[in-house]
Amino acid sequence: MQSNYHPASIEQQARQHWDDSGTFRALETSDKPKYYCLSMFPYPSGKLHMGHVRYYTIGDVLSRYHRMKGYNVMQPMGWDAFGLPAENAAQAHNVPPAAWTYDNIDYMRRQLKSLGLGIDWSREVTTCTPEYYRWEQWLFTRLFKKGVIYKKTASVNWDPVDHTVLANEQVIDGRGWRSGALVEKRDIPMYFFRITQYADELLQDLDTLDGWPEQVKTMQANWIGKSYGCEIGFRIEGSVLSSAASDPQSPILNPVLKVYTTRADTIMGVTFVAVAAEHPLATYAAKNNPELAAFIEDCKHGGTAEADMATMEKKGMDTGLKVTHPLTGEQVPVWVGNYVLMGYGEGAVMAVPAHDERDFGFAKKYNLPIRQAIREKGGSGTEISPFPLPSSPFSADQWQEWYATKEGVCAHSGKYDGLDYHQAVDAIAADLAEKGLGEKKVQFRLRDWGISRQRYWGCPIPIIHCPSCGDVPVPDEQLPVVLPENVVPDGAGSPLAKMPEFYQTSCPQCGGAARRETDTMDTFAESSWYYARYTSPDCTTGMVDTARAQYWLPVDQYIGGIEHAILHLLYARFFHKLMRDEGLVPGNEPFKNLITQGMVIAPTFYRELANGKKQWINPADVDVATDDKSRPVGATLKADGLPVIIGGTEKMSKSKNNGVDPQSIIDEYGADTARLFMMFAAPPDQSLEWSDAGVEGAFRFLKRVWKATHDHVEKSPLPPPFEKGGAGGDLSPAAKAMRFQLHQTIHKVGDDIGRRKTFNTAIAANMELLNALAKFDDMSATGRAVSQETLEAIALMLNPIVPHICQALWSALRPGSDLLDQTFPEADPSAMVQDEITLVIQVNGKLRGNLTIAKTTDKATLEQLAVAHEAVQKQLAGALPKKIIVVPGRLINIVV
C-alpha cells in the first residue's frame, strides 16, 4: 500500500474495476428485494454544476448502501434533451441543436462517470432520440382517440421573444421563465391534456404518499385547489340577446352569464359582475366602443397566470351592459376586469365589494356601490363569536379583515338573514336550483395542460390535418414522426412550419393531400415518463416492457429539487395514471419516497457599472477580509486590488457568477473529496453553503483515514478478522471501550444512512471513531485485531459515501477480497454491553465532574461515591447535602 493518498490514480483504478466487473448492471432475475433509486435526470447544458454533484451523490449513497444491505439495486441515468436552451444556444453558435446537445451529453457523461456513481449505463435514455419519443407519440395518439387529449382555441401566455406558448407555471411575475420577456395573451388553437379529469385522484392519492415531504404534498394540493361552491346564472338583458340573435357572427351564444363562487352566502351583496377581456360579452360590447376595445387589447398584454392576477394593478371598464340578479331581479352592471381569467370557470366573477378585499378596492377605485350582506355573530349577546369581534361596525369607507369572514351570519339579505355560512349556501343553492339558475358545484383550481409549443427542438405532435377528415392521428406504423436534426433555428418561430418537406404529407384515412402538425410538445412531457422507460429502455414493442415495469416500479427513492414540486412531479404523477389506464405500469403512483434536496449556495460579489448594471465577480477571484470573529468586513478583486461589493449568499448560478466548477474540485482533490464535502456540509433537505475550507477539511480527513490504514497494514502480518461475539473476556479495558464505540458507531451510521438519511451525522460518527482509534495504542494480538476490525468497519461504513478510497482501503486490509462482495456491517450486541458506566455529577444542576463506576453499583453506594467526589466536597464546604437525585445510567444531582 502506497504511503500517501493520491486520489487520481486510486479513483481511476476503482472505476476500472467496477466497469470490468459489471457491478452496477441491474437485472430482473435476482431473488433479492429490488431497490430503484432515481435522481432527476439533467438537462445537457454543457457542464455539471454543484447542484448536480449534490443530488447525484445523495442517490449514489443510498444506492450503494442498499446494495450492501442485500438489495437488487437499479440506479439509471439519462438526458432531458429537448428544450429552448439548446435551440437558443444552437442559434447563437449557428449549429443544429442536435449537434450541440449530443456533444454536451458526451462531455457530461464523462463528468458523471468521474464522480464514481454506481449507474447502470446500459439503461441510458436520451429524450431527443426517435427511439424514445416514438412512444410518447404513440401514447398521444391513444389519448387523442379517447378524448383525454383534445384541441381547442385558447387564450394562452405568449412569449414574444421565444415565440412560444408558456404554461401558467412557466410565467413568473408576468414574465417568461426562460426569456424574461413580458408575456402577452393570444388566442390560438392548441392541444390539451385533460388533466382535470384526474384532479380528484391526483388530490386523494397524495394521502398515500407517506414517504413524501409534507411541504411538497401541500404545494400540490393547493395547486390542484379543490373547492366547494355554487355555479350561479345571471340572465343577460333581453335587448342584448335580441341584437345577438340577429347577428350571425355574434359571440354571445348563451343567454345566461355563469359565475362560480365559494361565497354564495354573500350573493345579496353583489353590485357588479366582471368578465375577462376575452369573454363574448366583452367582445360584443367593444364592437361599437373604441375606448373599450382599446382597453381590452391592453388587457391581452397581461399574463394568464393566477399569481400575476393577484399582484397586478386591478383595472376595469364598464361595458354598458346589464345582467339580472338571479334572486332579486335587480339589474347588475357588467365590467371588463383585467384580473379575470378566461381560462378559469366561465371567465366571469360576481363582485361583492363588502366581503372581498379585491372587489372592495376595485369598487372604491371606480366609485361602485358597496352593500353589506354579512355581519358578525354574537351581536345579540346570545352567541359567542368564533372570531374576534370587529373593532368598529361595518363601514364602506375602509376595509376590515372581518368583512371576509365565513364565520358570520347573513344580514340585509331578506329571507336569509341570520343564517350562518353553511345554512345560507344550502338555502341559496336550493332557491337558485328551483329557478334553474344555479346549483352546488365542486371546482378545481387545476386547469387542463396545454402542450402545444411553436418551437422546433421538441417532440413532434403526431397529428395530420386533412381538409376532408379533420385532425387525424398518425397511424402506429408511421411512427415515429421524426424531427429533422440538421436544422439551425433563426429565432423567428418554428422552422418546421417553413419546411414543406416536413409538413407536406397525405391523409392516412383518405389519401388526400394533408398537412402535418408543426407544433411540438411541451418538454415536460418527456420528463413525465422517463422513470418508466428506464425499466426497459431496449423495448421496441411498446413504451415499456410491462413485465419489467411490474418488477421495478414504483421508484423506491426519487431525488430532486423543491422547485419541481408542482410542475414536474404533478405531471409525472398524471402520466403514471395515464399509462396505468393503458395497462402499461402497475400501481397509482410513480415515486414511493421523495427527497427534495436543498440548494447549494455561495457568497456573491459585484461592482456597479456606469450604466447601473451589476458586474458579478466569481468568489475565486476575490480576497475577503474578516474581523476577529471571521465575519467578512470587506473584499477586493485579486486582479487589481480594488474594492468589490459583498452581496448576499445565494444559490449558485451563472447569472450571479458564484458557481464552482465541479471538475476543478475533482481535478485537485478527487471525486471522493467532493462527495464527502457535499454529504457532510448539510443534511440533504437543507441548503448547503459552499466553503473552500470545508473542501480542504474533507480532503484532510480522507488523508487521515488513508494514513491510519497504511500505518496499520505496514505492521504485518495482518490479524485475522475479529470473531463477532467472541474473545470479549480476553480484551483489555481499552480494547473493550474501543469495540464499544465501534459498534455504537455501526448502529448509528446504519440508522443515519438507511432510515434518517442524515449523511452528515454518519460521517461525523466515523470521524469521532477515527479519533478514538488514533488514541488506541494496544499493540497486542487482540489489540491489533480490534484495530483491524475498526478500520474494516470504517471502510465499509464510508463506502457508500467515498467508494473509491474505500475500495483501495479494503484491498489493503483484506488482500484478495473484494469490497463489492461485502455487506454493510452489523453491530455486535455483545460489544455494546458495558461493565462500567460514566455518570455526570451535578451540584444544584450545574456540571461539576464525572464518576466512572461498575454498572452494577447500587444506589446507596452511588450516593456515597458522589458525595465523596472532590468537586462535590468543595461545593458542600463541610455542610450536608439537602437532597440527592439519581437518574439511573445518566447523572447524579446533589442539592445543597
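**Exercise 1. Determine how many disulfides the whole structure holds, and explain the result for cysteine 128 and cysteine 510.**

Solution. A search of the whole structure finds 0 disulfides, where a disulfide is a pair of cysteine sulfur atoms within 2.5 Å. This is a predicted model, in which local features need pLDDT of at least 70 and side-chain atom pairs count only at pLDDT 80 or more, while totals for chains, interfaces and linings use all residues. Residues are numbered from 1 along each chain as its sequence is written, and side-chain values use heavy atoms, with hydrogens and water left out.

Step 1: take cysteine 128, whose sulfur has its closest cysteine sulfur in cysteine 459, at 11 Å, and this is too far for a bond. Cysteine 128 counts as buried because its relative accessibility is 1%, the classes being buried under 20% relative accessible area, exposed over 50% and partly exposed in between (1.4 Å probe, protein chains only).

Step 2: take cysteine 510, for which the closest cysteine sulfur belongs to cysteine 466 at 3.6 Å, again too far for a bond. With 45% relative accessibility, cysteine 510 counts as partly exposed.

**Exercise 2. Work out which strands pair with strand 24, and which of its residues lie on the covered face.**

Solution. Step 1: strand 24 comprises residues 513-516; helices (H or I, at least four residues) and strands (E, at least two) are DSSP runs, numbered from the N terminus. Two strands pair if DSSP finds at least two bridges between them.

Step 2: strand 21 (residues 463-466) is joined to strand 24 by 2 bridges and runs antiparallel to it, and within this pairing isoleucine 464 stands opposite arginine 516.

Step 3: strand 23 (residues 504-506) also pairs with strand 24 in the antiparallel sense, over 3 bridges, with alanine 514 as the bridge partner of threonine 505. Strand 23 and strand 24 form a hairpin that has 6 residues between them, and glycine 511 in the turn has a positive phi of about 80°.

Step 4: the covered face of strand 24 carries Ala514 and Arg516, whereas Ala513 and Arg515 belong to the uncovered one. In a regular strand the side chains alternate between the two faces of the sheet.

**Exercise 3. Locate threonine 596 within its sheet and decide whether it is buried or exposed.**

Solution. Step 1: threonine 596 has its place in strand 27, which belongs to an open sheet of 4 strands in the order 2-1-26-27, with parallel pairing. The edge strands, each pairing on one side only, are strand 2 (72-74) and strand 27 (594-597). Neighbouring strands of this sheet are turned by 15° against each other on average, direction ignored, with axes being lines fitted to C-alpha atoms, for helices over the stretch in contact, and angles running from 0 to 180 degrees between N-to-C directions.

Step 2: strand 26 (residues 557-561) runs parallel to strand 27 and is joined to it by 4 bridges, and threonine 596 is the bridge partner of glycine 560.

Step 3: threonine 596 is buried, its relative accessible area being 11%. Residues up to four places away in sequence not counted, threonine 596 touches Pro213, Val216, Gly560, Gly561, Ile562, Pro684 and Asp685, contact meaning heavy atoms within 4.5 Å.

**Exercise 4. Describe the two sides of helix 18 and what adjoins its ends.**

Solution. Step 1: in helix 18 (residues 662-669) the buried residues are Pro662, Gln663, Ile665, Ile666 and Tyr669. These residues lie on the same side of helix 18 because they cover an arc of only 160° around the axis, the arc being that of the directions from the helix axis to the C-beta atoms. On the other side, Asp667 and Glu668 are exposed.

Step 2: the buried residues of helix 18 pack against several helices, among them helix 1 (7-21), helix 4 (97-114) and helix 20 (692-714).

Step 3: at the N-terminal end, aspartate 661 caps helix 18, with a side-chain oxygen 3.1 Å from the backbone nitrogen of glutamine 663. After helix 18 comes glycine 670, whose phi is positive, near 100°.

Step 4: glutamine 111, which lies in helix 4, touches residues including Asp661 and Gln663, and it counts as buried at 3% relative accessibility.

Terms used:
A polar contact is a pair of N or O atoms within 3.5 Å; within protein, one must be able to donate a hydrogen and the other to accept it, and residues adjacent in sequence count only if both atoms are side-chain atoms.
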